[in-house]
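User: Please take a close look at one part of this model and describe how it is put together. Begin with the chain that holds it.

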Amino acid sequence: MSEPIFNRGITRNKTNRFNRFRVGLYYLSVLLFCQTLFISCQNAAQHEASLYSQDANAKSEIMRLNQLLTTGQSVTAADFESIKQIRVKYPNTAEVRVVYQSALINRSDWESVAELIEAIPASQRTRDDNLNLAKTYLKLARYQEEIALVKPLAEKDKKDFEFNSLLAFGHFFLGQDDEAARLLDSFWETIIQNRRLDEINTRGMIYFRQKNYAKATEIFEKSLEINTNNTTAYNYLSRIYAAQGNEEKAEFYRAKTVELNDKSAADSLEASRRVQQIYALETAWKAKNYSEVINLAKQILPTAVEKDQKIVLYQYLFESYKALGNEKEANDALTEAQKLQQQK
Amino acid sequence: MRYKFFILAMIALCFSACVDSKNQNAHNQTGKATNLKFSDATKTSGVNFQHTPTRTENKWLPEIMGSGAAIADFNRDGAPDIVLVNSGAIGTKERSTEAKNRLYINNGKGIFTDKTDEWNLTGKGYGQGAAVGDFDNDGWTDLFLTNFEGDNRLLKNTGAKFEDVTESSGIKADGRWATSAGFFDMDADGDLDLYVARYVDFTTENPHKVYRNKMQIYSTPIYYNAVADQIWRNDGGGKFSDASEQTGITARKGNGLALAIGDIDLDGDEDIYVANDSDANQLWINDGAGKFKDIAQLAGSAYSETGTEEGSMGVDFSDVDNNSRLDIVVTNFQAESTAVYSQTDALLFREISDAIGIGQTARARLKFGIDFFDADNDGDEDLIVANGHIEDNVEQNSESVRFAQPNSLYENTGNGKFVDVSESAGEALKNMQVSRGLATADFNSDGLLDYVVLNNGGTAQIAFNETATKGNFINLWLEGEKSNRNPIGARVVAKIGERKIERQIMGAQSYLSVSDFRVHLGLSDAQKIDELTIFWLGGEPQTIKNLEGGKFYYIKQSSEPIPFIPGEKQIK
């Protein structure tokens, strides 16, 4: 026999009341548990900070690695391994995390950069963390995630140019041109005032996609005023004129695009040659082959742009001449190094 | 249940507040659910190929380039056979036994027999790519092999073996590095000409040492000069002459690695797209008489969307966005997308890889071989890509990039969008090697397209398509009479109710490779093709009505279709 409906209801109400009590106990115990965990984590973080401040080796190694990264020097596999080891020991220390993140960026390891920033709880991320994460998502073509991250931040502060601009890029790459254009247009004065090439070129590309060739031309010409070495602008101007049947102008801008790309390849080649020479110099120095060190340092000096690098090269010359017993040349090299040092 | 979930959620939240956890798989886009399934049939197929490259401390550029595959029915039994190119020892003219090229003859059931010696398949120098085409129109598909030293070989198929006819053909070696090649009929005169893409002027005498973070890595081509490509005109009688200057293709040099040859503007002649590594790509438009003009840059298909050169490795054509115009899809370097140049207007392109779902996962791989193929017979073309880095020590410079990489499979969802289904499409796609050449064909005659991948320094992989939910199909072996026999350059239009499927027989695509010339048409749930029109290159269109599905047909130009069973008997 089935139970009367109203009875079932009463029984349920009793059960519900009992369940609510049980749930209340659960909530309370969970909150207490979480609070305990949070406090222990805070304590652990304080403990870690204290340990790090007393670990002179780790601190000096982080300083050395930071120096490498900020001066654009190579971070070798051994250097990176060293940062990783320190990070294992001090996972919550901001100084360590910043250097680790810079090393990942130096290696163009964007997947790992994203993972690193994603590991910071959203509520604890700084504005820079969010900006970096958004830029990393763009690098990785994770546009949906980029938009999901940036949209609430851009909407929260509609005057925030950086977040709105990043949001525009996300929409642009997904082919959502109208939304990207709306965002860029709302900040157009800021974009022009700050000579923001990426935003200007993106707006030009949208006009091109929409076949508004007059506006696209205007934008890319503006872009060229800001930076004459602008492959994107030359490329699009050639495509615009080709689409309009102006072969002469199309060919002119096509040739400029090729010229700039060739120049970029030549610059990469030159930079690579310089790196190769520096490694050869270091190898010769380690092998105490001082004549070779002098030979290579003299080859590199005319192409060295930064003063720091020139100083180091003169120091190599000084030490090598000294080792070979050529006092005069050694002193000349030292004088040059000192002059450069004073000019700094 | 709700309470347990709440507890777990709270604990997870609490832990995430203080523990450096990794949000793994949040961005995983490669494991979407799919019906597509590929099994690794290498061990049972009889293909026991091992690629043998040179490996030195010098890290010479050719060491890392891998090699290609050519698929063709060499013995006319209706089943696709495979030639796999090996590499060998740089600087050595003759190959060791283990570095031999290999010919695998198919019995039509996907079981292959190594017939390399019987067919006298030779290979000289450091092997790179292969092209196939019946250059003498005798009905037997011939073979052209490229190599690093430029001593490329033309091998005539006699029906029972290959004969090296390079010297008598007039094709001369000039010591320059040749990569991909493709037969095509540039002037629609009924015989096949030959395009040879060439790379850079690297020699073992002028190597550049390149470093990243003080560690020597394999260099990119920017340290060397580009070598001009070649066109060899077929003068008849088995003779070729160098027509590179006359055709106009020497006007612009590039670091050529891959070719796609097809009628991109549907004007009845064959055009050529060359994927150049770290250089502007070229789109050579044919004027119909065999003169070419490169329009890639002005058409928007030479560079990335922002106008920069990319490390282009492979290329194929397909109508990705269903607008009845062929699009160009180019595989590029790690962190660069697989560029999808959509032909939005006649010969005007726009790069859309991100908008159609290919860009994100493509950037996570270094991509080489590529082929569009209808993997589930639903009438649209899916995409397979061979991946593998060029730096054998890349793990020391990155936490997330690997030298050996899994290959990628993108399923076409039919609305112009693609989904990366690599991780859920079967064991074949879980194989991690350093992949290079790639080609597709229905090896086991089950009406589904399979594929073969060449791996640098590894085994070749034969993958069988075991997709359970599949559409009906028709497979066409076309043979020209006035047109070239293969018949490269033919275009097929199949009408099925309101639907229309278009395919071309392309003389080259992918990387160092060429896929089966047989035309595979996925009919979805249709039982027949209502109307099939074959546009023979240089000939009159031929229309065939009511072609029953689920069959293989042999169609000679101007003749009625004849059903056949692949591998059953030789078709004269």
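Analyst: A residue counts as buried if 20 or more other C-beta atoms, placed from the backbone, lie within 10 Å of its own. By that rule, 62% of the 572 residues of chain B are buried. This is a predicted model, in which local features need pLDDT of at least 70 and side-chain atom pairs count only at pLDDT 80 or more, while totals for chains, interfaces and linings use all residues. Residues are numbered from 1 along each chain as its sequence is written, and chains are lettered from A in the order in which they are written.

The C-alpha trace of chain B spans about 80 × 60 × 50 Å along its principal axes. Its radius of gyration is 23 Å, which agrees with the value near 25 Å for a compact globule of 572 residues (taken over C-alpha atoms; the rule is 2.2 Å times the number of residues to the power 0.38). Chain B holds six helices and 41 strands (DSSP runs: H or I of at least four residues, E of at least two).

The part chosen here is an open sheet of four strands in chain B, ordered β2-β3-β4-β5 with antiparallel pairing (two strands pair if DSSP finds at least two bridges between them). At its edges stand β2 (69–72) and β5 (112–114) of chain B; each has a single partner strand, so one side of each lacks a neighbour in the sheet. Ignoring direction, neighbouring strands of this sheet are turned by 20 degrees against each other on average (axes are lines fitted to C-alpha atoms).

Within the sheet, β3 (residues 81–84) and β4 (residues 102–106) of chain B pair in the antiparallel sense over three bridges. B:I82 stands opposite B:Y104 in β4(B).

Methods:
Axes fitted to C-alpha atoms, helices over the stretch in contact; angles between N-to-C directions. Buried ≥ 20, exposed ≤ 12 C-beta atoms within 10 Å, placed from the backbone.
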